[in-house]
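Trainee: Could you walk me through reading a fold like this one? I'd like to go from the core outwards.

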Amino acid sequence: MESKNRFQVLCYEQVVRLHEVMEDVIPIHGRGNFPTLDIKLKDLVQVVNEKLVKEGVSVRDIRLNGGAASYIFGTDNVQSYNDLDLIFGVDLSNHNELQKIKSCVLGSLLDFLPDGVNKEKMSSCSLKEAYVQKMVKVCTDHGDRWSLISLSNNKGKNVDLKFVDKMKRQFEFSVDSFQIMLDSLLTFYDISTAPMSEHFYPTVVAESVYGDFFEAWFHLNKKIIATRNPEEIRGGGLLKYCNLLTRGYSPAENADVRAMQKYMCSRFFIDFSDLNQQRQKLTAYLNNHFSGEEGLKHEYLLTLYRVVDESTICLMGHERRQTLNLIHQLACQVLMEQEQRAHNKYLEIQQFDQLNNLTIDQVYFHSPAYSSSNGNQYYNILPNVFQMNGPCPLCPPPYLQCS
């Protein structure tokens, strides 16, 4: 495949959308008594980059990646994004660079503390504990050398700063393979005194690391799930795949769906072999990717249950049943939370009823069933009529069938 097919220049409307993302204020929530930092993405990138250059860390380029990049290119099918994923291309052959990068990121947070805070008493350790969700360092013999610093956001919209020297696998599916190079836009911010307009805006280039930009763009707009070398996808790919299915995406016609699902299930259980690890990963994924979309959580867990049930071949029977039971328990928990919210809403309606002499007899809910490819059905067990009396309809069965 020719390399030129990987790249595309953004049109004016896409540059405007990118500018809006860069100007958007993202709250970085502090733990305990640490204040929330309201940061524009543009400002964060510029401050971090300036500190890296000052410390002698060579930055090849800066890119916007992941859901936010897909949002820039999407049509009505891509309405929002959860993650803000930034990639700084750096040289990590010297391990001392990692410490410099960490210090630069934490030092950048000092610049965004509100007035009145005594910055001199803020150590790197306290800033890390207050504002960093996670820190990851990867250095393998298989061609990976990169680091991640994720800044906390209580609504799941974390800001992920990746510092990449080498990364063998930079995408999971074609729809999340877009990377937008920000250097020209950052230069425009630095030197331009005139506002951006249809006749005056920077040339911004994007790349699809999937390989063919227009093919990936077609997949994004048509909601098609496609990938290359699915055996290389890390464990989280299974969760992303089920997320796409839940949101109406469909596997490509030429895709070997069963083989792809088997690869992803196997890798998930390799990366998260312990049941507690699986619980933590699933809980974090639900919180980070379904913020404000509580109604989709149960449908997502049903989809995940089906895929794991149909495609897991690497586990002993009891281990497989344990994982399925975990997913089932989480689904029941989600339904209980939804029912509690519905009950609270019902009480609010009753109060409104009493004030306005109205009568509301029942509140109905839709309860669809989901069919798997092997003929099994997975039911949404939310009751058709909301009632607070009688046995709980959410109690799981004593055993889960092993198919």
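Mentor: Sure, and keep in mind that this is a predicted model. Let's start with one residue: leaving out anything up to four places away in sequence, Val159 touches Ile26, Ile28, Leu41, Leu44, Leu84, Leu86, Ile149, Ser150 and Leu151.

Trainee: Which residues have the most contacts inside the largest nonpolar core?

Mentor: Val159 is one of them, along with Leu18, Phe88, Phe163 and Ile180. That core has 100 residues. Another core lies apart from it, with 6 residues, including Ile87, Trp146, Val164 and Met167.

Trainee: Now the sheet. In what order do the strands run?

Mentor: The general idea comes first: strands of a sheet pair through backbone hydrogen bonds, either parallel or antiparallel. Here 8 strands make an open sheet, ordered E1-E10-E9-E4-E5-E8-E7-E6, and the pairing is mixed. At the edges sit strand E1 (7-9) and strand E6 (132-139), each pairing on one side only. From one strand to the next, the twist averages 25°.

Trainee: How many bridges join E9 to E10?

Mentor: There are 3, between residues 178-181 of E9 and residues 205-208 of E10, and these two strands run antiparallel. For one pair to look at, take Gln179, whose bridge partner in E10 is Glu207.

Trainee: And which helices lie across E9?

Mentor: Look at H3 and H6. Helix H3 (residues 66-73) lies across strand E4 (59-65), strand E5 (84-90), E9 and E10, at about 85° to E9. Helix H6 (residues 183-191) lies across E4 and E9, and runs at about 100° to E4.

Notes
Residues are numbered from 1 along each chain as its sequence is written. This is a predicted model: local features need pLDDT of at least 70, side-chain atom pairs count only at pLDDT 80 or more; totals for chains, interfaces and linings use all residues. Side-chain values use heavy atoms; hydrogens and water are left out. Two strands pair if DSSP finds at least two bridges between them. Helices (H or I, at least four residues) and strands (E, at least two) are DSSP runs, numbered from the N terminus. Axes are lines fitted to C-alpha atoms, for helices over the stretch in contact, and angles run from 0 to 180 degrees between N-to-C directions. Contact means heavy atoms within 4.5 Å. A nonpolar core is a set of buried Ala, Val, Leu, Ile, Met, Phe, Trp, Tyr and Cys residues joined through side-chain atoms within 4.5 Å. Buried means under 20% relative accessible area, exposed over 50%, partly exposed in between (1.4 Å probe, protein chains only).
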